[in-house]
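This briefing introduces a structure to a reader who has not met it before. The topics follow one another in short groups of points.

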Amino acid sequence: MESVTSVNVHCLILQPVVDSVTDFTWLIGGPQGSGVESAAVIFSQICAKAGYFVFGKREFHSNIKGEHSYFAVRLSDKMIRSSSSGVSLMVSYDAETIFRHYSTITKGGAIIYDSDLNHIKAEDVSTLDKYYFKRMCADLDNDHPTVEDVLRKVADNDVVAYPVSFKELLADMAESHNNPRLRVMKRMYNVMGVSLAAGLIQLPKELLIDAVRGVFAKKRVIADLNADAATHSYNVASNTMTSTPFTLHAIEKTPNLMLVQGHLGTSLGKLAAGCRFQSYYPITPASDESVYLEANGTLPNDTGQSDAVVVVQTEDEISAIGMMIGAALTGVRSSTSTSGPGFSLMAEALGWAGINEVPVVLTLYQRSGPSTGLPTRHGQDDLLFAVFAGHGEFPRIVYASGDIEESFYDTCSCFNYSDVYQLPVIHMMDKFLSSTTMTCPAFDPSKVTINRGKLLDGVEGEYKRFQLGGDGISPRSYLGLKDGIFWNTGDESDEVGHITEDPVVRQMMMDKRLDRLDLILQQVPDAEQAVSHATGEYTIISWGSTKGPILDALEMLQQEGITVGFVQIKMLHPFPTECVQRLLNGARVIIDVESNQTAQMGKLFAQNLNIPINHYILKYTGRAMTCEEIRDSLLDIIHGTSPKRRILMHGA
Amino acid sequence: MALKVADYKTGVHNDWCPGCGDFGIVNALQMSLAEMGIERDRTAIFSGVGCSGKTVHFVNTYGIHTLHGRVLPFAQGAKVANPDLTVVAVGGDGDGLGIGAGHFVAAGRRDIDFTYIVFDNGVYGLTKGQASPTLKLWEQPKSLPKPNINYNVNPIGLAITSGYTFVARAYSYDIRHLKSMIMQAIAHKGTSFLAVLQPCPTYNDINTRDWYAGLDMEDAVSRHSRIYKLEDTGYDPVVHYASESEMDEKLSQALIRSLDWGDKIPTGIFYKNETISTFSQRIQTNIPNYPENPPSRQSISKDGKPTVDISNIVQSMLIS
C-alpha cells in the first residue's frame, strides 16, 4: 500500500482558521518538574473565566524531572474540541522550548522568552535528543544553532519576539518588595511566564491573580509570593510590550460550561453510576482516575449518610482484575482502570469473568504500545486486543468514548450494560483524553440512570445461577444473599455452576453466553451504538478520541462550503453492523481515521460490512491529531491528490 | 435448627485419587464450619486451580473456583466489598507459592480478615507430578525425569516475613488437630495462613503417609511419627502486647521453628498476632463508616436513579 509521511519540521502552512473568530493557541514549555502544568492550569482558568472555550493538551516524557514537557492551550469564542497545529504565542523560560517548538509558531505570532538564553547552543541542551537535533539543524541550515539563530529564523515569518530577562525581572521584584529572597526564586519562572503572556494579550489581571492564588491555595506564603510575581510580571508586559499582535479581552460567557480534566469523565461517571469498589495498579495514564476516587470517593447519599468507593492498590494488574471480580460477585458495582501493559496481564481473568457472566467495567486508557512503547504518549492501538483479549470464546462489550463529556455518560452506560447483559465491559479511553483540559457542557447527573438488570434481592425455591432458557441471561444472586448459593468455576459448568465436560451441556452453555451479543445489538439504542455527526458523499468512519479533531476539521471545511460526513462508532464489539450500514447510506467515499498503524477499526469494519474503505488517515507518532491535519488530509482526498494511506506527523 | 456437617456437603462426585490427603482437608473444613455454626449463605469459599481447586464444589456454601494462582485476589476483593462474609481461600502449594507467590506476599501485607489454606504435597498432581515450590532440592518423586534442581520455598517462613498475623501448619491425616487449626484460623481477626501437609499418594512417593508416620526409620526402637505439635512442647506463638521487642521475639522463634524438617516436623500455630490493625481498620482511616456501610450494604439506586449526589463536585468545576 502506498504511504506518505512528512517529517520535516517546518512543513506547516497555517492559515487563520476562520477570520471572524478568535482561534488562539498559547504554548508553554519547560523541564518536567518546573511547573509547566501549573502555569497551564492558571492560563486555562483565566481564559475560561474570560468567556473563552478552552482546549489544553499536555505532552510529557516518561521522566520525573528534567525532560522537556509542554502544554498547549487553545482558545476560541466558539466550541473547540482539539488542538491546533500552530502556536500563536509561545512562552519559554528555557532554551529547549524554543528549539523544539519554534517551527510551530504561526505567521504573525509572538514569542515571549528569557533573553538570558540568547547565546545558548542547541548542542549544549543535554535533553535535546539527537534525532530532533539533526532535523532542526537541517531546517535551520546550521550545524551549531543558538537560540538567537532560531529567533532570527522565526522573525522571517513575522513572528514578534519579546525578550525578557527573567533574572532581572526577579531582581526588580526583590528590590521593589524589599525581599532579597525573591532574587533566587527561579521556581516562579512558570508563573512569571504565564503572567507576562496574560499581560501582553490583556487578559483581565484580577482573573490572573485569582487563578494563581487558587493553584497555590494550600500554601499561603507561596501563594502571596506568586501573586506578587504575577502582578509584577503582568504589569511589565502590559506597560512595556508594545505592538501586541493580539488582545483577548473578556467576552460574554457561555452558560453552564465547566473546565474539566480528562480523567474526570470516567471518575465522576463511576461515582454517579454507583461503582463502589475499584482496584488498580499504578500505570500512566490510567492511575489519575483511581487516585481521584480514593481522594474524593465519599459522597452524601439520600439518607443523609455517606457512601464511599473503596479503592485498593494491588500488587499487580492480575490482582487488580481478580479483586474487581471478587468484589463484583458480592453484587457491588466494581471496576478497574488500566492501560495496555496492565490490560495484557488481565487477559486470563477477563475470560473468567466472561465464562462466569460477571458484570465488571474495565476502563482502558490506551497509550502507545507495543510493550512499554511510548508510555506517556497517545495511541489507539489496543482496539483489536480489547476485542479479542483472552483465550476461548466469551461475550464482552467494547465501548469507546469520543470526548470527556461523553465519557461521563458512557461510564454509566457501561455499568448498565455489564449488569443487564452480565458480562465484562471494556471502556476504551486514551492518553489524549486523559491529558486534555477543556471547557465542556457541565455533566448532568440527573441524566444518569441505573439498571441492575436481573440482580436478585431475594431467592425463593431452588436457585440455579446459570439457568438455561429465556433470553439466556439468568437471574443473578450474589455472595451473601440468603438462599442464593451458587458455584462459579473457570471450567465449563452446569446450571448450578459445577464442573462438567458433557458435550451437550457445553454446547448449550456456549450458546447461552454468546447469544447475548445479538441481544445487545437489538436492545441498545442505535444512538448508543454509532452516531452520525454529518452526512456527505465523503464520509469519515472513526472511533474514540479522534472525534474532537474530526469535528473541528469538519467545521473548518464547512466554512469553505465543503461538507464531509462523519460516523462515530461507539460500540466496537459486538459490532453494530446494521446501524453503521444505515448511517452510511449515501456515502460514496469512506475514509477511516484512527490513531494506529494498522487501521484496527477499519479491520472490524471490513469484517462486518461489505463496503470498501477508500482512504485511511492514520497517526501513530504518539501525538494526537490536530484539526488542521485532518482538514488538510480531507482536502487532499477531495481534490484527488491523496494517497490511499495518509500518515500524520505533526507534534513534538 | 443447628447445622450439621451433612448440610455442608454437596452431592458432587469427588474424583480425587483414593487415599488423597485432600479428603481430610475438605472433611475438616466442613466439620469446622458446622461446629462454628457459620451460615452457609454467609460463607464464600474460593479456590485456585489444581486438585485442591475442586474443593469448593464439595462444600455447600458459596463456592468460587478461580484461576491458577489467583485465588487470593478474588477472595480479598470479595471480603473487602462485603466484610460480613466468612471467606476461606484454598489452593495448592504450586498455586499459592509458585504462580501465585506475588499475591501470597501482598496478602500478608494487607491483613484482610480471611483464611488461606494451602494444600502442600510437593508436586503438581493434576498435571502428572512435576516438582512444586515446596519440593526439596535434589528430591526426585517418581514422575520427575531428573532430581529437582530448585531450592524449596519455606511457606511458614514466607508467611511470617510477609506479615500474616496467624501462621499455622497441620497434617491432613490428623483431622482432629486440622479441624482445630481451621477453626482457630477462621476465628482469627486478620489473615490466617494454614499450611496443610497433604500426601499425594499418586505422585509423591517420598513424603508419603508412611513417611510422615516414620515407618521408614531404621531403628525400630526409636521409630516415631515425624509430626509433632508445637503446643505439646510449651511453645507460645502469641504476641501478647503491642511492642516491637515482643513481636520480634515471637517472629524470630517462629522463623526458627519453620526451618525444622526431617525427623521432627512441627505442626500447630507458629505465630499469632492480634495487636496490629486489620485492613478493615486501616480502610476506616479514609472511610470512617466502612464497617457499618461497606460497599455491599450500599443501595446505589432508587427508582433507577443514583442515591448519591455528585452535583457539588460538578458545581465546583463550573466556570463562574
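In this predicted model, B:Lys128 sits in the loop of chain B that links strand 5 (123-124) to strand 6 (130-131). Its phi is near 80°, a positive value in a residue other than glycine. The points below take up this residue again, then other backbone features, a strand of chain A, the nonpolar cores and the contact of the two chains.

**Residues with positive phi**

- Most residues other than glycine have a negative phi.
- B:Lys128 counts as exposed, because 10 C-beta neighbours lie inside 10 Å and the cut-off for an exposed residue is 12 or fewer.
- A:Asp158 also has a positive phi, near 60°, and is a residue other than glycine.
- The position of A:Asp158 is in the loop of chain A that runs between helix 4 (147-155) and strand 6 (160-164).
- A:Asp158 is partly exposed, because 13 other C-beta atoms lie within 10 Å, a count between the limits of 12 or fewer for exposed and 20 or more for buried.

**Cis peptide bonds**

- Most peptide bonds are trans.
- The bond from A:Thr284 to A:Pro285 is cis, and its omega is near 0°.
- A:Pro285 belongs to the loop of chain A between strand 8 (277-280) and helix 10 (287-296).
- A cis bond is also found from A:Gly369 to A:Pro370, with omega near -5°.
- A:Pro370 lies in the loop of chain A that connects strand 13 (360-366) with helix 13 (383-388).

**Strand 8 of chain A**

- Strand 8 of chain A is covered on both faces: A:Phe277 and A:Ser279 are buried on one side, and A:Gln278 and A:Tyr280 are buried on the other.
- Strand 8 of chain A runs parallel to strand 12 (residues 334-338) of chain A, and three bridges join the two.
- A:Phe277 has A:Ser334 as its bridge partner in strand 12 of chain A.
- Four bridges connect strand 8 of chain A with strand 11 (residues 310-313) of chain A, again in parallel.
- In strand 11 of chain A, A:Val311 is the bridge partner of A:Gln278.

**Nonpolar cores**

- The largest nonpolar core comprises 265 residues, and A:Ala197, A:Ile325, A:Leu572 and B:Val167 are those with the most contacts inside it.
- Leaving aside residues up to four places away in sequence, A:Ile325 touches A:Ala349, A:Trp352, A:Ala353, A:Val358 and A:Val360, together with B:Phe74 and B:Gly77.
- A second core, separate from the largest, has seven residues, among them B:Cys20, B:Val123, B:Tyr124 and B:Leu135.

**Contact between the chains**

- The contact draws 69 residues from chain A and 54 residues from chain B.
- Several elements of chain B each supply at least two residues of the side that touches chain A, including helix 2 (55-58), strand 2 (62-65), helix 3 (71-81) and helix 5 (101-110).
- Helix 3 of chain B gives the most to this side, with eight residues.
- The residues of the side of chain B that touches chain A comprise 27 nonpolar, 19 polar and eight charged.
- Strand 17 (residues 487-489) of chain A and strand 2 of chain B run parallel and are joined by three bridges.
- B:Ile64, in strand 2 of chain B, is the bridge partner of A:Asn488.

Technical notes. Residues are numbered from 1 along each chain as its sequence is written. Chains are lettered from A and ligands numbered from 1 in the order in which they are written. This is a predicted model: local features need pLDDT of at least 70, side-chain atom pairs count only at pLDDT 80 or more; totals for chains, interfaces and linings use all residues. A nonpolar core is a set of buried Ala, Val, Leu, Ile, Met, Phe, Trp, Tyr and Cys residues joined through C-beta atoms within 7 Å. Two residues are in contact if their C-beta atoms, placed from the backbone, lie within 7 Å. Ala, Val, Leu, Ile, Met, Phe, Trp, Tyr, Cys and Pro count as nonpolar, Asp, Glu, Lys and Arg as charged, and the others, Gly among them, as polar. Two strands pair if DSSP finds at least two bridges between them.
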